[in-house]
Amino acid sequence: MEIAAEATELRPSPAQKPPKKRHRGPLKYPMVRQLLRFTGVGVVCTASSLAIYALLRPWIDPQLANAVALIVTSLMNTALNRRLTFKITGKKKRAQDHLSGVIVIAIALIITGGSLAVLHLLRPEATVTEELWTTTLSGFVATAVRFTLLRHWIFRRARHV
């Protein structure tokens with residue numbers, strides 16, 4: 001009898017999740033939201049990379065300064081995009097994501113390093129400011145390539161968040 005009483009007893013309902021937010025306008029598309037978050041991560045990483053480059057450039061070759069700046073910021077970039085842009089948390093596939101991120105950074109290094117090589121071929125006496133402009137502009141191309149590779153290759157499992 002006591003069991004029947006327990007079965008009919010009112011119990012608090014389990015905590016319900018709040019309804020999902022419905023985005024309006026262009027934000028209803030996951031890719032638009034990802035591009036906005038990716039842009040924020042990109043601004044932070046680009047500023048960091050440019051600062052590292054500018055600090056190293058007086059002492060080392062432009063190609064090496066570019067490589068060091070990109071490599072130092074690559075782990076930060078992959079980690080931030082993994083978490084913020086594509087909403088992936090936890091340790092599952094983290095090492096694989098970072099290894100794939102290294103490949104993406106290598107491609108960015110080829111793009112930006114190639115632009116520096118062309119700059120110095122055309123203008124051997126280029127200033128650090130001209131080098132920074134060159135790496136920034138070629139960085140825009142590298143960024144488009146990076147987003148495409150992150151979205152369609154590395155983080156494709158989270159493409160619709």
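A residue counts as partly exposed when its relative accessible area lies between 20%, under which it is buried, and 50%, over which it is exposed. Lysine 87, at 46%, is therefore partly exposed. The model discussed here is predicted. Its chain holds five helices and zero strands. From the N terminus on, the elements run α-α-α-α-α.

**Whole chain**

- The chain has 161 residues, and 32% of them count as buried.
- Its accessible surface comes to about 10800 Å². Carbon and sulfur atoms hold 68% of that surface.
- Take the contacts with a separation of 6 or more: residues 24 or more positions apart account for 70% of them.

**Helix α4**

- Helix α4 covers residues 94–122, which is 29 residues.
- From first C-alpha to last, α4 reaches 41 Å. That is close to the 42 Å expected at 1.5 Å a residue.
- The buried residues of α4 include Asp97, His98, Ser100 and Gly101. Val104, Ile105, Ala108 and Thr112 are also buried. So are Gly113, Ser115, Leu116 and Leu119.
- These buried residues pack against three helices: α2 (30–56), α3 (62–85) and α5 (128–154).

**Nonpolar cores**

- Nonpolar side chains tend to be buried together in soluble globular proteins.
- The largest nonpolar core here has nine residues: Phe38, Phe86, Ile88, Val104, Phe147, Leu150, Ile154, Phe155 and Ala158.
- Helix α5 gives this core its largest share, three residues.
- A second, separate core has six residues, among them Tyr53, Ala65, Ala69 and Leu119.
- Leu119 is also one of the buried residues of α4, as is Val104 of the largest core.
- Leucine 150 touches Phe38, Asn81, Phe86, Phe155 and Arg156, leaving out residues up to four places away in sequence.

**Helix α3 and its ends**

- At the start of α3, a side-chain oxygen of aspartate 61 comes to within 3.0 Å of the backbone nitrogen of glutamine 63.
- Helix α3 bends by about 35 degrees at serine 74.
- Lysine 87 follows α3 and has a positive phi.

**Loop between α3 and α4**

- Most residues other than glycine have a negative phi.
- Two lysines in this loop have a positive phi. Lysine 87 sits in the loop, with phi near 55 degrees.
- Lysine 93 sits there too, with phi near 65 degrees.
- Lysine 93 has a relative accessible area of 41%, so it is partly exposed.

**Two threonines of α5**

- Threonine 134 lies in helix α5. Its relative accessibility is 17%, so it counts as buried.
- Threonine 134 is in contact with Ser115, Leu116 and Leu119, setting aside its neighbours within four places in sequence. Those three partners are among the buried residues of α4.
- Threonine 143 is found in helix α5. Its relative accessible area is 26%, so this residue is partly exposed.
- The side chain of threonine 143 reaches the backbone oxygen of glycine 139 at 2.7 Å.
- The C-alpha atoms of threonine 143 and valine 104 are 9.8 Å apart. Along the chain, the two residues are separated by 39 residues.

Methods: Residues are numbered from 1 along each chain as its sequence is written. This is a predicted model: local features need pLDDT of at least 70, side-chain atom pairs count only at pLDDT 80 or more; totals for chains, interfaces and linings use all residues. Side-chain values use heavy atoms; hydrogens and water are left out. Helices (H or I, at least four residues) and strands (E, at least two) are DSSP runs, numbered from the N terminus. The expected span of a helix is 1.5 Å times one less than its number of residues. Buried means under 20% relative accessible area, exposed over 50%, partly exposed in between (1.4 Å probe, protein chains only). Contact means heavy atoms within 4.5 Å. A nonpolar core is a set of buried Ala, Val, Leu, Ile, Met, Phe, Trp, Tyr and Cys residues joined through side-chain atoms within 4.5 Å. The bend at a residue is the angle between axes fitted to the seven residues ending there and the seven starting there. A polar contact is a pair of N or O atoms within 3.5 Å; within protein, one must be able to donate a hydrogen and the other to accept it, and residues adjacent in sequence count only if both atoms are side-chain atoms. Accessible areas come from the Shrake-Rupley method with a 1.4 Å probe; for residues, only the protein chains shown count as cover.
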